[in-house]
Amino acid sequence: MVAKRIPHSDFEVISGNEKTKDYLKMQRVMGKFYFRDFFSKFDQIKTVGRFLEVGPGPGYQTVLVCKKYSPGELIGLEYSKDMINVAEKYFAGKGTSDRIKYVYGPVEDSDLIKSLGKFDVIYSTFSLHHWKDPLKGINNLFDALSDNGTMFIYDFVRGGLLYYLPLRKGLWESVRASYKKEEIEEFLRELNIKDYTIRQKGLYLDFIVRKN
């Protein structure tokens, strides 16, 4: 049976103070299951300079990245204003308010991405499957890379046992909406991006794009 992609029926932006706080708590718990894999791969790219994180949510991972790699500047592109409010309070409590800045908007907004300038590192975690137009989003981010910059996109991979479980929310819905390796390859070919690496391990898929 082919694991057909099932997009989210509605693109729901998480909003409301309590919901976003709950998401922050969930991010702490969920991180225990993927951070070792994520950071072992993130360590393999050139992690210096100016960073852009796409879909950072309430900022738990953003703070970890900021403290671990000490970027010159870290911009978070977030499509939920309530997430931004919760994140800014979280940064203040962690002493990183002066190094992290959130910007409101979608990854498909070409003018917005262009206005942010160039970045040495662009990364995203569990956000790709939410993008309305992944081809345009990847293209916008590639254009925003500085010379010799690197893009690192980390997400679920569609398929496996979780795809077939009779549950429709949360993790299972995200797995069904995610992409396979060959679909990412097709996006990159269509955009004429040639220097890339795609990896798949268990629940997770990541790809690295280099701009030379």
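Visitor: How do you know that Lys201 forms a salt bridge with Asp37?

Guide: A salt bridge is a side-chain nitrogen of Lys or Arg within 4 Å of a carboxyl oxygen of Asp or Glu. The closest N and O atoms of Lys201 and Asp37 are 3.8 Å apart, so the pair makes the cut. It also links distant parts of the chain: Lys201 sits in strand β6 and Asp37 in helix α1, 164 residues apart. Keep in mind that this is a predicted model, where local features need pLDDT of at least 70, side-chain atom pairs count only at pLDDT 80 or more, and totals for chains, interfaces and linings use all residues. Residues are numbered from 1 along each chain as its sequence is written, and side-chain values use heavy atoms, leaving out hydrogens and water.

Visitor: What makes something a helix or a strand here?

Guide: Both are DSSP runs, numbered from the N terminus: helices are H or I with at least four residues, and strands are E with at least two.

Visitor: Is Lys201 buried or exposed? And what about Asp37, buried or exposed?

Guide: Buried means under 20% relative accessible area, exposed means over 50%, and partly exposed is in between (1.4 Å probe, protein chains only). Lys201 has 52%, so it goes down as exposed. Asp37 has 10%, and that makes it buried.

Visitor: How many salt bridges does the structure hold?

Guide: Nine. One of them is between Asp206 and Arg199, with the closest N and O atoms 2.9 Å apart. Salt bridges that share partners join Asp37, Lys41, Arg199, Lys201 and Asp206 into one network. As for cover, Asp206 has a relative accessible area of 0%, so it is buried. Arg199 has 21%, and that puts it in the partly exposed class.

Visitor: How do you know that β6 and β7 are joined?

Guide: Two strands pair if DSSP finds at least two bridges between them. Strand β6 (residues 196-201) and strand β7 (residues 204-210) have six, so they pair, and they run antiparallel. Lys201 stands opposite Tyr204 in β7. In this hairpin there are two residues between the strands, and Gly202 takes a positive phi near 60 degrees.

Visitor: How many bridges join β1 to β2, and which way do they run?

Guide: Five bridges join strand β1 (residues 50-54) to β2, and the two run parallel. Arg50 stands opposite Glu73 in β2. The side chains of Arg50 and Glu73 also meet in a salt bridge, at 2.7 Å from N to O. Arg50 lies in β1 and Glu73 in β2, so the pair ties together parts that are 23 residues apart in sequence. Arg50 has 22% relative accessible area and Glu73 has 29%, so each counts as partly exposed.

Visitor: Why is strand β2 called largely enclosed?

Guide: Five of the six residues of β2 (residues 73-78) are buried, so the rest of the structure largely encloses this strand.

Visitor: Which residues gather in the patch of positive charge on the surface?

Guide: They are Lys21, Lys25, Arg28, Lys67, Lys89 and Lys94. The elements giving two or more residues to this patch are α1 (17-42) and α3 (81-94). Helix α1 gives the most, with three.

Visitor: What makes a residue fit for such a patch?

Guide: Patch residues have over 30% relative accessible area and no salt bridge, and like charges are joined within 9 Å (for nonpolar side chains, Val, Leu, Ile, Met, Phe, Trp and Tyr, within 5 Å). Take Arg28, which lies in helix α1. Its relative accessible area is 35%, so it clears the 30% cut-off, and that value also makes it partly exposed.

Visitor: What is notable about the phi of Phe126?

Guide: It is positive, at about 55 degrees, although Phe126 is not a glycine. Phe126 is in the loop between β4 (119-125) and α5 (134-144), and at 11% relative accessibility it counts as buried. Asn148, which belongs to strand β5 (residues 145-156), has a positive phi too, near 70 degrees. Asn148 has 53% relative accessibility, so it is exposed.

Definitions and conventions
Areas by Shrake-Rupley, 256 points an atom, 1.4 Å probe, with all protein chains shown as cover. Lys, Arg positive; Asp, Glu negative; His and termini not counted. Charge placed at Lys NZ, Arg CZ, Asp CG, Glu CD.
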